[in-house]
Amino acid sequence: MKKSKLSLISLILTALYVVYLIYYISSVGSKAATADSATQAGTAIGIALITPHLVCTAVGLLMNILGYFLNKRGFILTAAILYTIAIVLMPIYFFFVLIQTILCYVAYAKMSPNKMQHNQ
């Protein structure tokens with residue numbers, strides 16, 4: 001079966017974004033370790049706010065990987081929904097996940113249903 005190119009593009013963009021987020025959080029955390037207590041508290045609050053967004057995006061990436069390599073549209077839809085939730089969790093960063101979300105929804109719509117669904 002033919003794999004979805006849209007899903008692959010979304011997968012690559014999300015992988016790059018997750019790597020960027022992890023790098024950003026680790027670099028901010030390491031810089032705050034030597035700062036005063038107010039800066040450390042602010043950094044801790046910031047990291048606590050961005051962590052649900054990161055987790056949701058990373059799990060969406062996992063679903064996108066499974067959907068692409070197993071060629072299952074249910075995983076692609078799950079990834080799109082998780083990306084949508086990630087946007088809701090951190091609206092300021094919506095532009096980092098918006099393209100991937102749209103690509104996954106379109107990939108889901110373009111993928112043919114599984115053979116099991118045709119027989120029923």
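## Close-up views of a helical chain

**Figure 1. The whole chain, from one helix to the next.** Following the sequence from start to end, you meet the pattern α-α-α-α-α. The radius of gyration is 17 Å, well over the 14 Å that the globule rule gives for 120 residues, so the chain is more spread out than a compact globule. Please keep in mind that this is a predicted model. The count is 5 helices and 0 strands. Imagine a box drawn around the C-alpha atoms along the principal axes: its sides would be roughly 65 × 20 × 20 Å.

**Figure 2. Inside and outside.** How much of the chain counts as buried? Of its 120 residues, 34% do. The accessible surface of the chain comes to about 7300 Å², and carbon and sulfur atoms hold 74% of that area. Now look at who touches whom: among contacts with a separation of 6 or more, 73% are between residues 24 or more positions apart.

**Figure 3. The largest nonpolar core.** Which residues touch the most other members of this core? Among its 24 residues, they are Leu 21, Ile 50, Tyr 83, Tyr 93 and Cys 104. Two or more core residues come from each of these elements: H1, helix H2 (37-70), helix H3 (73-89) and helix H4 (94-110). H3 gives the largest share, with 7 residues.

**Figure 4. Tyr 93 and its partners.** Here we zoom in on Tyr 93, one of the core residues that touch the most other members. Set aside the neighbours within four places in sequence, and Tyr 93 is in contact with Tyr 17, Leu 21, Tyr 24, Ile 50 and His 53. Two of the names in that list, Leu 21 and Ile 50, may look familiar, since Leu 21 and Ile 50 also appear among the core residues that touch the most other members.

**Figure 5. A nonpolar patch on the surface.** Leu 8, Ile 9, Ile 12, Leu 13, Leu 16 and Ile 99 make up this patch, and together they have about 500 Å² of accessible area. Which helix gives the largest share of the patch? That is helix H1 (residues 5-32), with 5 residues. Take Leu 8 as an example: this residue is found in helix H1 and is partly exposed, with a relative accessible area of 30%.

**Figure 6. Ser 7, tucked into helix H1.** Ser 7 has its place in helix H1. Is Ser 7 buried or exposed? Its relative accessible area is 0%, which means that Ser 7 is buried. Apart from neighbours within four places in sequence, the contacts of Ser 7 are Asn 64, Tyr 68, Ile 76 and Ala 107.

**Figure 7. Lys 5, an exposed residue of helix H1.** Lys 5 also lies in helix H1. With a relative accessible area of 59%, Lys 5 is exposed. How many residues apart in sequence are Lys 5 and Ile 81? They are 76 residues apart in sequence, and their C-alpha atoms are 19 Å apart in space.

**Figure 8. Gly 46 in helix H2.** The glycine shown here, Gly 46, belongs to helix H2. Its relative accessibility is 32%, so Gly 46 counts as partly exposed. Val 97 is 51 residues away from Gly 46 along the chain, and 19 Å separates the C-alpha atoms of the two.

**Figure 9. Asn 71 in the loop.** Where does Asn 71 lie? Look in the loop between H2 and H3. Most residues other than glycine have a negative phi. Asn 71 is not a glycine, and yet its phi is positive, at about 60 degrees. At 12% relative accessibility, Asn 71 counts as buried, because the cut-off for buried is under 20%.

Definitions and conventions: Residues numbered from 1 in each chain as written. Predicted model: local features only at pLDDT ≥ 70, side-chain atom pairs only at ≥ 80, totals over all residues. Heavy atoms only, no water. Helix = DSSP H or I, 4+ residues; strand = E, 2+ residues; numbered from the N terminus. Rg over C-alpha atoms; globule rule 2.2 N^0.38 Å. Buried < 20%, exposed > 50% of the residue type's maximum accessible area, 1.4 Å probe, protein only. Contact = heavy atoms within 4.5 Å. Areas by Shrake-Rupley, 256 points an atom, 1.4 Å probe, with all protein chains shown as cover. Patch = residues over 30% accessible without salt bridge, like charges linked within 9 Å, V, L, I, M, F, W, Y side chains within 5 Å. Salt bridge = Lys/Arg side-chain N within 4 Å of Asp/Glu carboxyl O. Core = buried A, V, L, I, M, F, W, Y, C linked by side-chain atoms within 4.5 Å.
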